[in-house]
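Dear colleague,

I am handing over a structure to you with this email, and I would ask you to open it before reading on. My notes on what was found in it follow below.

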Amino acid sequence: MPFAEIPHAVANLDADTLLISGGLDWDFKDVRALAALKQKYQFRYCTIVYDIIAILYPHLVVPELSPILTNYFTDLVTLADYAMCISERTRQDWTRFCREHRADAGHAYVFPLGADLPTADDSMQADLPDVLRGKQFALFVSTIEARKNHRMLYEAWDRCVRSKMIDSERDRLVFVGRRGWGVNDLMRELAANPATRETLIVLNHVPDALLRLLYQHCAFVAFPSLYEGYGLPLAEALAYGKPCISSNAGSLSEIGGDLVVRIDPKDTTRWADAMAHHLRSPQELERMGARIRAEFRPVTWDQTAAQFFNTIKAIGSATVG
């Protein structure tokens with residue numbers, strides 16, 4: 001039905017009310033106005049915190065957003081009684097930031113994100129792009145931007161190709177993701193570099209059906225991010241039973257344990273060596289995949305929702321009590 005026709009009710013704002021914000025609302029929410037309402041009506045406030053990378057690493061986010069987000073989170077500290085964080089590292093980052101600004105900072109809890117893609121049906125069929133048919137490929141799923149560290153992986157791949165560490169006729173590196181900020185020079189190099197332009201494939205606007213197919217058919221997944229609040233593509237790859245090479249930055253060490261090969265995100269040489277080794281070692285990849293399928297327990301979005309709302313109910317009960 002049209003939005004205007006959806007039945008609705010006006011919520012009471014009082015000491016028994018727990019108001020929950022879904023987050024990602026920094027560009028339209030007036031946090032100070034909410035704080036004034038909270039002081040008047042005495043309700044409790046719970047926020048979702050995905051990360052505070054804009055504060056910790058302002059050089060890795062869109063420049064104009066860093067001061068906006070810093071002000072937003074600083075105001076949020078005074079408003080939020082509780083925070084739901086998507087990883088233990090994010091909880092630690094948020095708690096430390098809160099304590100720097102407010103001695104009696106509220107409680108913070110962790111809930112993981114789900115890693116299951118939508119179930120395939122007849123309307124969600126896809127085929128591999130022609131450039132990948134009959135090829136062996138490594139996969140990197142992420143918005144193409146500075147924080148995700150595509151340049152380092154590109155330079156590692158360039159080393160692999162120029163040193164003939166991989167088979168340029170067979171092996172491919174695939175970037176899946178939309179184009180973000182600050183990567184114009186990188187994208188120009190990807191298109192112009194004669195050593196890599198045929199072997200490094202960039203795909204964007206990828207539907208779920210094709211993304212599922214790419215996960216299923218890739219040799220392994222690379223995720224060299226400089227910092228993450230969670231690292232959903234890594235969890236998705238493991239859910240598909242795929243071997244993974246990941247950076248050890250931010251929350252990424254929380255996903256997969258020793259099922260994942262961990263490399264410093266700035267060590268280009270080790271990344272090149274690891275990618276070349278994996279592409280030359282199909283039997284080892286199969287053993288790694290078999291272990292992941294046997295030992296990794298992916299979190300579904302239904303489990304994520306259940307854990308989130310169970311925590312919220314516990315908070316609400318404690319608030320009322």
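A good place to begin is strand β9, residues 244-247, which pairs with β10 in the parallel sense over 3 bridges. One of the residue pairs is easy to look up, since S246 has R262 in β10 as its bridge partner. Please keep in mind that this is a predicted model, and that the values below were computed from it.

These two strands belong to an open sheet of 6 strands with parallel pairing, and the order across the sheet is β7-β6-β5-β8-β9-β10. Because β7 (200-203) and β10 (261-263) stand at the edges and have a single partner strand each, one side of each is left without a neighbour in the sheet. If direction is ignored, neighbouring strands of this sheet are turned by 25° against each other on average.

Helices pack on this sheet as well. Helix α5 touches β5 (136-141), β6 (171-176), β7 and β8 (220-223), and its direction makes about 170° with that of β6. Helix α9, residues 268-279, packs on the sheet too, where it touches β5, β6, β8, β9 and β10, and its direction makes about 170° with that of β9.

For a closer look at the edge strand β7, you could select V202, which lies in it. Is V202 buried, exposed or partly exposed? Its relative accessibility is 32%, and it therefore counts as partly exposed. Leaving aside neighbours within four places in sequence, V202 is in contact with I144, F175, M187 and L190. V202 and V174 are 28 residues apart in sequence, yet their C-alpha atoms are 5.9 Å apart in space.

Turning to the interior, the largest nonpolar core has 75 residues, and those with the most contacts inside it are L139, L153 and L214. Helix α5, which spans residues 150-162, gives the most to this core, with 7 residues. L153 touches F140, L173, F175, A222, P224, W271 and M275, when residues up to four places away in sequence are not counted. Another core, of 23 residues, lies apart from the largest one, and L34, F43, V61 and L79 are among its members.

Lastly, there is the question of enclosed empty space. The count comes to 1 cavity of 30 Å³ or more, and about 40 Å³ of space lies in the largest cavity. Its lining is made by V77, A80, D81, Y82, A83, W94, C98, G106 and H107, and the elements that give two or more residues to this lining are β3 (82-85) and α4 (88-101).

With kind regards

Conventions
Residues are numbered from 1 along each chain as its sequence is written. This is a predicted model: local features need pLDDT of at least 70, side-chain atom pairs count only at pLDDT 80 or more; totals for chains, interfaces and linings use all residues. Side-chain values use heavy atoms; hydrogens and water are left out. A nonpolar core is a set of buried Ala, Val, Leu, Ile, Met, Phe, Trp, Tyr and Cys residues joined through side-chain atoms within 4.5 Å. Buried means under 20% relative accessible area, exposed over 50%, partly exposed in between (1.4 Å probe, protein chains only). Helices (H or I, at least four residues) and strands (E, at least two) are DSSP runs, numbered from the N terminus. Contact means heavy atoms within 4.5 Å. Two strands pair if DSSP finds at least two bridges between them. Axes are lines fitted to C-alpha atoms, for helices over the stretch in contact, and angles run from 0 to 180 degrees between N-to-C directions. On a 1 Å grid over the protein atoms alone, a cavity is a set of points where a 1.4 Å probe fits but cannot get out, and a pocket is an open set with protein on both sides within 12 Å along at least five of seven lines; lining residues have an atom within 4 Å of a point. Grid points are joined across faces, edges and corners, and a volume is the space filled by probe spheres set on the points.
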